[in-house]
Amino acid sequence: RTSLDTTALTAALASAARALLASADAADATLGAQVAGAFKLSATEPDLTALLTRDLSLLSTLNSQPSTPPPPSLAALRALRENALGPVATFERLARSSTDSAVRDEALAALAASRAPNAPALLVGLLPALTTSQRGTALDRLASTPAGAAALLAGLRANTVAKTDLGVATAEKLRALLPADPTVASLWKDLGGDAQRVLRLDGANADFSATQLTLTGPFTVECWAKFDPTITNIDALLTAPGKFSINFHAAQLRVWLNGHTPADIVVAKKKSAPRVWTHYAITRDAKGVFSLFINGELDATSTTANNTTFTALDLGRANPKNGGTAGSLAEFRVWGVARSAKQILENFDRSLPSAPNLAHVFSGTNWGPLQGKARLDFADDAPALLTAAEAAVQDEKFAHFRTLANTRGNPDSGKQLFTALCLACHQFAGQGGAIAPALDGVGNTGVEALLRNILTPSAAMESAYRTFRVILADGSVREGFLVEESADSLVLRTPGAEDRRILRAEIRATSYLRRSLMPEGLLENLAPEQVSDLFAHLKSLR
């Protein structure tokens with residue numbers, strides 16, 4: 001379905017879907033709705049609306065049970081959402097009054113997706129009646145279309161929408177749609193989303209910062225970096241030409257030493273992905289053993305040692321003379337000690353302007369003597385590093401949920417939460433969604449890793465699961481998991497929806513975001529005993 005243009009089949013598919021929707025058999029009617037949604041058959045709107053309206057009283061009072069199949073009318077509601085069509089007044093009624101959470105969430109999504117002129121205003125009117133989680137989802141979806149963004153801004157100006165309900169991710173979408181709007185600019189600033197200055201290098205051998213650093217004895221070099229395609233040994237973090245270089249061979253971080261055997265004293269196992277911010281840390285201990293860390297996690301350790309003193313090291317400089325680093329660097333730190341794995345993991349997502357044994361910090365407007373066309377750029381997607389105050393708040397949050405995670409819970413209740421909250425995107429034992437990493441054996445990672453991945457999903461996400469944004473020609477924004485792309489189209493996957501094939505002709509712009517597809521605030525929306533129950537189940541997944 002997503003690998004070809006089905007335009008020529010639309011009439012035949014619509015005819016087949018109508019026949020199924022008219023069937024008295026629930027399975028047939030459900031299949032008809034699924035076909036109408038999957039293939040974006042807008043001509044089936046009257047049939048879908050009729051099916052939805054027929055069972056409206058059932059949907060209003062439905063209480064889903066795992067053993068009870070959902071009615072065809074719920075599939076019709078989803079199909080109308082997929083087509084951005086349908087009776088918005090009905091969506092609003094279901095979102096406001098249905099006793100079933102699945103129906104309410106689907107109705108909210110349908111209302112947010114609708115192209116009806118009055119849909120955004122209806123959704124804004126619903127905001128006070130929604131839970132914190134539903135309100136965040138609704139606001140995010142409103143910020144995805146020009147009409148929704150306009151309704152959201154009207155609510156902000158009229159004080160019917162609270163700034164405190166909006167997160168940086170929602171403000172970021174608003175900026176993509178309305179980059180010159182002063183209200184959006186003020187909101188972005190108030191939420192701490194101001195773009196950061198980063199060192200930008202365009203790929204010429206002469207482009208670097210002449211820092212002339214010296215590394216002697218134990219040390220740690222760490223920074224955030226985002227490289228252009230493709231990543232090679234021409235891309236480097238720190239180099240003394242012909243002597244020492246921290247660069248990327250075939251997209252793998254390595255430390256190269258001239259005269260050492262082997263010359264690559266340590267090479268990362270994991271390949272680096274282009275166009276995404278990644279944290280790298282390189283340490284050398286007192287014995288001369290090198291270790292590489294990627295996004296706070298230990299990746300590789302050298303099997304040989306070297307205690308040479310390295311001098312005249314420049315930031316972003318490459319060894320070869322046929323090109324240089326192409327990418328951006330942020331928060332570059334050099335320590336006079338080998339930081340421990342625990343120290344690196346706990347602090348890689350924090351800004352540290354000063355600390356014991358911290359010899360050099362390059363960030364903001366301080367990047368040393370810039371050479372060639374090396375320059376300071378603003379980068380909207382630069383990693384949002386925590387200040388000392390923010391880090392203290394995060395530490396307190398981690399301590400709170402660490403206590404709950406280690407409190408005895410009911411694993412059976414936790415399994416139900418796991419199914420509802422996690423399997424929409426993750427898979428376990430072959431069941432669930434195909435958007436996020438599989439969770440088989442996740443219990444072996446330990447409570448700290450689980451907390452980090454749930455509470456701060458964007459801090460160290462797998463590069464393959466970062467959010468991909470598509471801005472369409474009509475100004476609307478779509479975000480999800482990039483499944484595949486070709487010369488004429490791409491396929492986007494979002495939780496709870498059919499994969500969508502988008503033609504290049506429909507696309508204005510695309511980009512990866514420094515944000516995980518996994519939402520933040522998952523644990524905050526649970527009761528304390530539910531957190532303990534969920535972790536009791538997660539720890540059993542070995």
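Does Arg452 count as buried or exposed, and at what relative accessibility? Arg452 counts as buried because its relative accessibility is 13%, where buried means under 20% relative accessible area, exposed over 50% and partly exposed in between (1.4 Å probe, protein chains only).

Before going further, a word on the model. It is a predicted one, where local features need pLDDT of at least 70 and side-chain atom pairs count only at pLDDT 80 or more, while totals for chains, interfaces and linings use all residues. Residues are numbered from 1 along each chain as its sequence is written, and side-chain values use heavy atoms, with hydrogens and water left out.

Back to Arg452: you'll find it in helix H16, residues 447–455. Helices (H or I, at least four residues) and strands (E, at least two) are DSSP runs, numbered from the N terminus. Leaving aside residues up to four places away in sequence, Arg452 touches Glu297, Leu345, Phe398 and Pro457, a contact being heavy atoms within 4.5 Å.

H16 also helps line the second largest pocket, as do helix H13 (341–347) and helix H14 (388–405), each supplying at least two residues. Of the 14 lining residues, Leu345, Glu346, Arg350, Phe398 and Glu448 lie nearest the centre. The lining splits into three nonpolar, three polar and eight charged residues.

Stay with H14 for a moment, since Thr403 is found there. The side chain of Thr403 reaches the backbone oxygen of Ala399 at 3.1 Å. Thr403 and Pro528 are 125 residues apart along the chain, yet their C-alpha atoms are separated by 9.9 Å.

Now hop over to helix H2, which runs through residues 26–38. Its 13 residues reach 18 Å from first C-alpha to last, close to the 18 Å expected; that expected span is 1.5 Å times one less than the number of residues. At the N-terminal end, Asp25 acts as a cap, with a side-chain oxygen 3.1 Å from the backbone nitrogen of Ala27. The buried residues of H2, including Ala29, Gly32 and Val35, pack against helix H1 (10–21), helix H3 (45–54) and helix H5 (72–83). Just past H2, Lys40 takes a positive phi of about 55°.

For a contrast with Arg452, look at Phe378 in strand S15, residues 375–379. Phe378 is exposed, because its relative accessible area is 57%. Phe378 and Gly364 are 14 residues apart in sequence, and 9.6 Å apart in space from C-alpha to C-alpha.

Notes:
A polar contact is a pair of N or O atoms within 3.5 Å; within protein, one must be able to donate a hydrogen and the other to accept it, and residues adjacent in sequence count only if both atoms are side-chain atoms. On a 1 Å grid over the protein atoms alone, a cavity is a set of points where a 1.4 Å probe fits but cannot get out, and a pocket is an open set with protein on both sides within 12 Å along at least five of seven lines; lining residues have an atom within 4 Å of a point. Ala, Val, Leu, Ile, Met, Phe, Trp, Tyr, Cys and Pro count as nonpolar, Asp, Glu, Lys and Arg as charged, and the others, Gly among them, as polar.
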